[in-house]
Amino acid sequence: MASLARSGGFAVKVISGSQPHVNFVAASPAAETVSAFREVPAEFATAETRQAAVSRSTGGVFTNGLAVKGINVTSRRLAHTDVSFPNMESYRRDSTKNTQTPARDTEDQRRALPTALYYGAGGVLSLWAGKEVVQTLVSYKAMAADQRALASIEINMNDIPEGQTKTFEWRGKPVFVKHRTKAEIAKEKAVPVADLRHPQHDDERVQKDEWSVVIGVCTHLGCVPIANAGDFGGYYCPCHGSHYDASGRIRKGPAPLNLHVPAYSFKDTTIVIGSS
Ligand code: FES
């Protein structure tokens, strides 16, 4: 059994086994100080007097017949009962001032700002990072300035007499521009499309009947055919003997497809290859 008595800024606790009438009393450690504390009998003023009182009542430590089992302890400690706790109200959020409100009820309110910052600022940063990555990739993959300059070429039609074919380089490939005669035009228009390996009418391959523009790369294995040659008066690939007509269509040999027609357009007296 233990009791605690307080006197001013001090407290003393006495534990004395199970004796119901003996335990405790308190006072400050200094007798003279305690003497002014009228409620505390003088015999309990110091640790020694308290111990003596306990021993008297119990007949000595652990010797009294009523004290079956126990510990006789005297201790002193500073209770600091006069310390006032600071008021932290002003530091609390409005949402948490009511200490009886469960935290989960104010969670949305308390986390609104961090959540907005997380998703708002995080989203903006993510978008910015994505834009940087895309820009870097696009600029890395983009055509170099000198190549862009060659993205399209202009060919003066007056430089190519009727019946002749001239070769130009466009994006690293040869391009045949043929100025066809009336006889060649009539001949190509009359070819039965059903007889062709790669069926295409001449009208599908030219914008103006007089001008045929094709990429000079054989569709078999990529050789460069010879213009105005072959059995059909168009192009001849000597690598494996493919013959193309004056419209660039495969007529004989191993090539599976007609010569490709690039994007081109007419502008005044020029043909612009690379723009449609
Ligand atoms: S590459 Fe032209 S025929 Fe083979």
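Which residues does Gln200 touch, not counting residues up to four places away in sequence? In this predicted model, Gln200 touches Val193, Arg205, Arg249 and Asn258. You will find Gln200 in the loop between helix H5 (182-189) and strand S7 (211-215). Although Gln200 is in a loop, Gln200 counts as buried, because its relative accessibility is 18% and the cut-off for buried is under 20%. One of its partners, Asn258, deserves a second look: the side chains of Gln200 and Asn258 make a polar contact at 2.9 Å.

With that loop in view, let us step back to the whole protein. The protein has 276 residues, and buried residues make up 31% of them. Its secondary structure consists of five helices and 13 strands. Among contacts with a separation of 6 or more, 48% are between residues 24 or more positions apart. On the outside, the protein exposes about 17100 Å², and carbon and sulfur atoms supply 57% of that area.

Now follow the chain from the Gln200 loop into strand S7, where Ser212 is found. Ser212 is buried, with a relative accessible area of 1%. Leaving out residues up to four places away in sequence, Ser212 touches Phe176, Val177, Lys178, Arg180, Val206, Tyr235, Ala246 and Ser247. Keep Phe176, Lys178 and Tyr235 from that list in mind, as these three residues come up again in what follows.

The aromatic rings are our next stop. A pair of aromatic rings is described by the distance of the centres and the angle of the planes. The model has three aromatic pairs. One of them joins Phe176 and Tyr235, with 4.9 Å from centre to centre and 10° between the planes. This pair counts as stacked because planes under 30 degrees apart meet that description. Phe176 belongs to strand S6 (residues 173-179) and Tyr235 to strand S9 (residues 233-237), so their pairing ties together parts that are 59 residues apart in sequence. Both partners are buried: Phe176 has a relative accessible area of 2%, and Tyr235 has one of 0%.

Another pair brings together Tyr264 and Phe266, with ring centres 5.8 Å apart. Their planes stand at 80°, so this pair is edge-to-face. Is each partner buried or partly exposed? Tyr264 is buried, at 3% relative accessible area, whereas Phe266 counts as partly exposed at 21%.

Two lysines also meet these rings. Lys178 lies over the face of Tyr235, at 5.4 Å from the ring centre. Tyr235 therefore has Phe176 as its stacked partner and Lys178 over its face. At the other pair, the charged end of Lys208 sits over the ring of Phe266, 4.6 Å from its centre.

From the rings we can turn to the cysteines. How many disulfides does the structure hold? The structure holds one, formed by Cys223 and Cys239, whose sulfur atoms are 1.9 Å apart. A disulfide is a covalent bond between the sulfur atoms of two cysteines. The link of Cys223 and Cys239 is left-handed, with -105° about the S-S bond. To place the two ends, look for Cys223 in the loop between S7 and strand S8 (226-227), and for Cys239 in the loop between S9 and strand S10 (242-245). These two cysteines are 16 residues apart, and their pairing links distant parts of the chain. Cys239 counts as partly exposed, at 37% relative accessibility. Two further cysteines, Cys218 and Cys237, count as buried, Cys218 at 5% relative accessibility and Cys237 at 2%.

Our last stop is Gly163, which lies in the loop between strand S4 (153-156) and strand S5 (165-170). At 27% relative accessibility, Gly163 counts as partly exposed. Which residues does Gly163 touch, not counting residues up to four places away in sequence? The contacts of Gly163 are with His179, Thr181 and Asn228. His179 is 16 residues from Gly163 along the chain, and the C-alpha atoms of these two residues are separated by 5.5 Å. With His179, the path returns to strand S6 (residues 173-179), the strand that also holds Phe176.

Terms used. Residues numbered from 1 in each chain as written. Predicted model: local features only at pLDDT ≥ 70, side-chain atom pairs only at ≥ 80, totals over all residues. Heavy atoms only, no water. Phe/Tyr/Trp six-rings, centres within 6.5 Å; stacked < 30°, edge-to-face > 60°. Helix = DSSP H or I, 4+ residues; strand = E, 2+ residues; numbered from the N terminus. Buried < 20%, exposed > 50% of the residue type's maximum accessible area, 1.4 Å probe, protein only. Lys NZ or Arg CZ within 6 Å of the ring centre and 35° of its normal. Polar contact = N/O pair within 3.5 Å; in protein donor to acceptor, adjacent residues only side chain to side chain. Contact = heavy atoms within 4.5 Å. Disulfide = S-S within 2.5 Å. Areas by Shrake-Rupley, 256 points an atom, 1.4 Å probe, with all protein chains shown as cover.
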